[in-house]
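Reader: Please pick one part of this model and take me through it closely. I want to see how its pieces fit together. Then place it in the rest of the chain.

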Amino acid sequence: MTTQESGVSFAFEELLARSAALRERGPVHHDEERGLWRVLDHPGVSRVLSDPAAFSSDFSGLTPVQEDFETFRKGNFVGMDPPDHRKLRTLVSQAFTPRVVAGLEPRIRAIAGELLDEVGGESRFDVVDALAYPLPIIVIAELLGVPVADRPLFTRWAQVLFSGDQLGESADMEDIQRALDAIAPTIREMNAYILDHIRHHRAHPGPGLTSRLVEAEFNGERLEDQEIVGFVALLLIAGHITTTALLGNAVVTFDRNPAAAAALRSSPSGLPAALEEVLRMLPPFPELGRRTTHEIELGGHRIPENSIVMADLAAANRDPAFFDRPDAFDPARSPNPHLTFGHGIHFCFGAPLARLEGRVAFEVLFERYRDLAVATDAPVVFQNPSVIVSVRHLPLDVERA
């Protein structure tokens, strides 16, 4: 890979500049324009994410309500507090085990190879379209037992949900309500599709993850169909979009750090640590929101009950008290206590799968191509960074090994 001074240099810099500007206002401060509190230091963010009794994931009554979303959220334990969260996560854990994830490696490698075969004769291709989007979608579709032929549906759904195209500059409550109304038809379509898929697996059990979710029990209880819908949607959409972002962000980062990329090519065993550093520097979801359940003292401030608190992962991941040279890419950084996958009971359920897919994808890319460079004469298209830090289109010039 070679460093390119193209448009990729660098829409992501906006994220860095924003975090730096926010830090100047203090590690904990009130954002009067948005009417919320911001937490930016590593200890503060860790506390917010690990204390659900004080910082709730349930925003009922504080954010706009949309009927389709309320139905869809029933099994989405990301937005739940204990004890409901524990019940659902325990049930899901019975089906989505570390052994299941580890066993996917040969298939992930085969899929990555097949996808790159499709662009095998080309010296330029869009790595998002060719690999970063389809790879995790195919893996999850096969895992869930849903038809891979339907993957264009999943891609379209993810684009609607995570592009941020529905949000304006302010992202206030009225703006969010308009965005929810615009997204509602997609949510309705997803709900109906996944519900039919679950009912099929209840009637015709098989070896896939969906059938295991249907059969899982906790204290004599099983998941209801609508609860399974929430988790399947979470895995199908949020699960794959994280890997897509990681792969694209890593290509860009390696392109900007050619010496590190060359070292990784010659010694791929360094890929896991390098990908963790990409996750630290460019968290796909740079903020996580919580609601205070009572008045709380944090960072020398008293935060009132029912306040919205934004835990800034991007800023916490660059806290100089925890990271030496926080703005530098260090592919061998150790330890690397980044918070990109969250912290506490809501630590990202799909993190092991995203890490596995990222490592395998780059092993296959390095085996196939002696050089990968972000094109300098074609546009790099970014997602809305207020929603997700990721590229939407990333053209590469490649040389076969």
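**A five-stranded sheet and its surroundings**

Author: Start with one strand pair in this predicted model. Strand β7 covers residues 287-292, and strand β10 covers residues 308-312. Five bridges link the two, and they run antiparallel. One pair of facing residues is R290 and V309, the latter in β10.

Now widen the view. β7 and β10 belong to an open sheet of five strands. Read across, the order is β1-β2-β10-β7-β3. The pairing is mixed. The edges are β1, residues 28-31, and β3, residues 55-56. Each of these two pairs on one side only.

Helix α1, residues 13-23, packs on this sheet. The strands it touches are β1, β2 (36-39), β7 and β10. Its direction and that of β10 make an angle of about 120 degrees. Helix α2, residues 42-50, lies across β2, β3, β7 and β10. Its angle to β10 is about 125 degrees.

Next, walk the sheet pair by pair. Which way do strands of a sheet run? Pairing goes through backbone hydrogen bonds, and it can be parallel or antiparallel. Begin at the β1 edge. β1 and β2 run antiparallel, joined by four bridges. H29 has R38 of β2 as its bridge partner. These two strands form a hairpin, with four residues between them. In that hairpin, G35 has a positive phi, near 70 degrees.

Step on to the next pair. β2 and β10 are joined by three bridges, and here the strands run parallel. V39 stands opposite A311 of β10. Beyond β10 comes β7, the antiparallel pair we began with. The last step is β7 to β3. That pair is antiparallel, with two bridges. F55 is bridged to T292 of β7.

Which side of β2 is covered, one face or both? Both are. L36 and R38 are buried on one side. W37 and V39 are buried on the other. Two of these residues have already appeared in the bridges: R38 is the partner of H29, and V39 faces A311.

A second sheet makes a useful contrast in layout. It is open, has three strands, and its order is β4-β14-β11. Its pairing is antiparallel. The edges are β4 (124-126) and β11 (369-374). Each has a single partner strand, so one side of each lacks a neighbour in the sheet. Ignoring direction, neighbouring strands are turned against each other by 30 degrees on average. β4 and β14 (residues 395-400) are joined by three bridges and run antiparallel. The bridge partner of D126 is P395 in β14.

Away from the sheets, look at helix α13, residues 258-266. Its buried residues are A260, A261 and L264. Seen down the helix axis, they fall within an arc of 100 degrees, so they line one face of α13. The face turned away from them carries the exposed residues A259 and S266. The cover over the buried residues includes α12 (225-256), α14 (271-281) and α16 (351-368).

A loop residue is worth a stop too. V146 lies between α8 (134-144) and α9 (151-162). Is V146 buried or exposed? It is buried, because its relative accessible area is 6%, under the 20% cut-off. Beyond four places in sequence, V146 touches A141, F154, Y193 and H197. H197 is 51 residues away along the chain, yet its C-alpha atom is 7.2 Å from that of V146.

Finally, the whole chain. It has 16 helices and 14 strands. Of its 401 residues, 56% are buried. Take the contacts between residues at least 6 apart in sequence: 74% of them join residues at least 24 apart. The chain exposes about 16700 Å², with 53% supplied by carbon and sulfur atoms.

How far should you trust the coordinates? The average pLDDT is 86, and 89% of the residues score at least 70. Residues 1-9 stay under 50. The model has 32 contacts beyond four places in sequence for that stretch. Where pLDDT is low, the predicted coordinates should not be read in detail.

Definitions and conventions. Residues are numbered from 1 along each chain as its sequence is written. This is a predicted model: local features need pLDDT of at least 70, side-chain atom pairs count only at pLDDT 80 or more; totals for chains, interfaces and linings use all residues. Side-chain values use heavy atoms; hydrogens and water are left out. pLDDT is the predictor's confidence in each residue, from 0 to 100. Contact means heavy atoms within 4.5 Å. Two strands pair if DSSP finds at least two bridges between them. Axes are lines fitted to C-alpha atoms, for helices over the stretch in contact, and angles run from 0 to 180 degrees between N-to-C directions. Buried means under 20% relative accessible area, exposed over 50%, partly exposed in between (1.4 Å probe, protein chains only). The arc is that of the directions from the helix axis to the C-beta atoms. Accessible areas come from the Shrake-Rupley method with a 1.4 Å probe; for residues, only the protein chains shown count as cover.
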